[in-house]
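Biologist: I would like to go through this structure with you and ask how each label is earned. Please keep the reasoning short.

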Amino acid sequence: MDTFLAIFTVFTQLDLLVLVGVGTFVGIYIGAIPGLSVTMAVSILISFTFSWDVYPAISLMVGIYMGGVYGGSRTAILLNIPGAPSAIATAMDGYPMAQRGEAGQAIGVTTVMSFFGGLIGILVLALAAPFVSEFALSFQPRDYMLLAVLGILLVGSLSSGSMIKGIFAGSLGIAIGAVGRDPLTFTERFTFDFQIMEGGISFIAVMIGMFGVSEALMQLQNVNMKAVRQKIDRIVPSFGTVKKYLPLSLQTSTIGVIIGALPGTGGDIAALMAYDHAKRVTKKPKVPFGQGAMEGLVAPETANNAAVGGAFIPMMTLGIPGDAVTAIMIGALFIHGLNPGPMLMIDQPDMFWFIVGALFTANIFMLIFGLTGIKIFTKIVEIPRSIIIPLILLLSIVGAYAVNNSITDVYWMLGFGVFGYFMRHYGYPLGPVILGVILSRLLDDNWRRAIISEREELGRFFHGIFTSPLSLVLFVAVILIFVSQTPLWAILKKRLFRKTS
């Protein structure tokens, strides 16, 4: 009974309900603006909520977190500028739908599927938190390294054209992510003795430039083209549509929860892996992936919202943050005299169940706010290109500057925007570049931690892989995915089917 009351505390106190609602609404629009991250918003909130009681402070933070993860899909669909890294995969099929006049339908589907993914993540948090956190803790550095390699192999899914171009783009992203001072030895890498490069290149600047500025430059070629009128007759997807994509959403929600529960990963990696999974399991999509496939919206949106619940699992049960936002929330809980970790579930179980209830409430508000105001929001796409292009550039500059209040990031953003324009012009995909930047540090750091822990002996390293069930499963998955993207796989498939027929 106490558990039930703690979960529904938000519904019984009007001030908490309002704070969750306001936080979710603000989070949606913060998430929709490139460069204004949820992490930034929550970190700023700590100073404002320092003197508050713990329940109101957590209510507002949870609302902003849930709304912000969803909000990134808005500009990804309408302008091809992901508002957040977790919306990169959404832009791949959402923007082509907007170009066909189906922005309303795309936003409606992403909203409902985001709600479903968030619900799955919250249910897993409530029912299986200790088990999932124990599984996440079993990951060794070599397992994180193998996970990063799996992610890099997604270039096959993110490259609609030449595989060689996809590999080049992914490798370029890894190189960009490695620029700056080595975090372990503090030696310079790829800086070419330029002081400006010692601090590395902001991932947000690369993302905004590659997607935002390059899109504006591409549209300059057709500046007089008439804007596509959007069909907003049906926003809420039919029951048949939801039922059709329910199996895929369940699969990708599972991916989101597991990836979200791994410390240091998050919704961006979960969304990209879910997108890859959708491409592999969807045999005959109605529309090809990359050209407006509905599966390309369902998979990343369910995964990145399910990752929210996943990120809270290690935070609440072990005191280990699942991502940057939960790391800040751990600090907020400490400020308010709480100690997140195993003892929280014993000493103050009400706080655990209150957060579960706040997440559930924020998820409902996300659905309500997500399905309202779409008609007004989609008018952005119908604005004449002579107005929308300067607007995209302005948003890109503000977004790049807002991350570190640095004009250097703006220069990087503009440079990568021009570079991204030429990549698109010559048929090189942008997705693998961003994926490479995201995974570069995860791969680099964990490879060196893994090899150092094995006394820099490759034999011991591979012995660890083959003697650990988890490492072995990940290693076999890496080999299978790699082989499946080579001509050898097609030959093997033909021979196997010939024998069975």
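Modeller: What follows is a set of questions on labels, each answered from a value and its cut-off.

Biologist: What kind of model is this?

Modeller: This is a predicted model. Its chain has 501 residues, and 54% of them count as buried. The secondary structure comes to 25 helices and two strands. The accessible surface is about 21,800 Å², with 68% of that area belonging to carbon and sulfur atoms.

Biologist: How do you know which contacts join residues far apart in sequence?

Modeller: Take contacts between residues at least 6 apart in sequence. Of these, 79% join residues at least 24 apart.

Biologist: Let us turn to single residues. Why is glycine 67 called buried?

Modeller: Buried means under 20% relative accessible area. Glycine 67 has 0%, so the label holds. The residue sits in helix α5, which covers residues 54-79.

Biologist: What does glycine 67 touch, beyond residues up to four places away in sequence?

Modeller: Glycine 67 touches Thr24, Gly27 and Ile28. Threonine 24 is 43 residues away along the chain, yet the two C-alpha atoms are separated by 4.4 Å.

Biologist: Is glycine 464 buried or exposed?

Modeller: Buried. Its relative accessible area is 7%, and the cut-off is under 20%. Glycine 464 lies in helix α23, residues 458-467. Leaving out residues up to four places away in sequence, glycine 464 touches Arg142 and Ser471. Alanine 450 is 14 residues from glycine 464 in sequence, and their C-alpha atoms are 9.7 Å apart.

Biologist: What makes leucine 14 exposed?

Modeller: Exposed means over 50%. Leucine 14 has a relative accessible area of 64%, so it passes. Its place is helix α3, residues 14-32. Leucine 14 also helps to make a nonpolar surface patch of about 430 Å², together with Val18, Val22, Phe25 and Val26.

Biologist: Why is phenylalanine 190 called partly exposed?

Modeller: Partly exposed lies between the buried limit of 20% and the exposed limit of 50%. Phenylalanine 190 has 49%, so it counts as partly exposed. It is in the loop between β2 (188-189) and α11 (203-219). Its phi is positive, about 55°, although it is not a glycine.

Biologist: Now the charges. What makes glutamate 102 and arginine 100 a salt bridge?

Modeller: The rule asks for a side-chain nitrogen of Lys or Arg within 4 Å of a carboxyl oxygen of Asp or Glu. Here the N to O distance is 3.1 Å, and the side chains meet in a salt bridge. Glutamate 102 is buried at 19%. Arginine 100 is partly exposed at 34%.

Biologist: How do you know that glutamate 198 and arginine 181 form a salt bridge?

Modeller: The N to O distance is 3.4 Å, and the limit is 4 Å. Glutamate 198 lies in the loop between β2 and α11, and arginine 181 lies in strand β1 (residues 180-181), so the pair ties together parts that are 17 residues apart in sequence. Glutamate 198 is partly exposed at 24%, and arginine 181 is partly exposed at 26%.

Biologist: Which residue forms a salt bridge with glutamate 454?

Modeller: Arginine 460, with the closest N and O atoms 3.6 Å apart. That fits the rule of within 4 Å. Glutamate 454 counts as buried at 13%, while arginine 460 is partly exposed at 33%. Elsewhere, salt bridges that share partners join Asp182, Arg189, Asp444 and Arg448 into one network.

Biologist: How many salt bridges does the rule give?

Modeller: The count comes to ten.

Biologist: Why does aspartate 143 have no salt bridge?

Modeller: The nearest side chain of opposite charge is arginine 142, at 4.4 Å. The rule needs a distance within 4 Å, so the pair does not count. Aspartate 143 is buried all the same.

Biologist: What does the side chain of aspartate 143 reach?

Modeller: The side chain reaches the backbone nitrogen of glutamine 140 at 2.8 Å. A polar contact needs a distance within 3.5 Å. Aspartate 143 is in helix α8, residues 141-152. Leaving aside neighbours within four places in sequence, aspartate 143 is in contact with Ser138, Leu470, Ser471 and Leu474.

Methods: Residues numbered from 1 in each chain as written. Predicted model: local features only at pLDDT ≥ 70, side-chain atom pairs only at ≥ 80, totals over all residues. Heavy atoms only, no water. Helix = DSSP H or I, 4+ residues; strand = E, 2+ residues; numbered from the N terminus. Buried < 20%, exposed > 50% of the residue type's maximum accessible area, 1.4 Å probe, protein only. Lys, Arg positive; Asp, Glu negative; His and termini not counted. Polar contact = N/O pair within 3.5 Å; in protein donor to acceptor, adjacent residues only side chain to side chain. Contact = heavy atoms within 4.5 Å. Patch = residues over 30% accessible without salt bridge, like charges linked within 9 Å, V, L, I, M, F, W, Y side chains within 5 Å. Areas by Shrake-Rupley, 256 points an atom, 1.4 Å probe, with all protein chains shown as cover.
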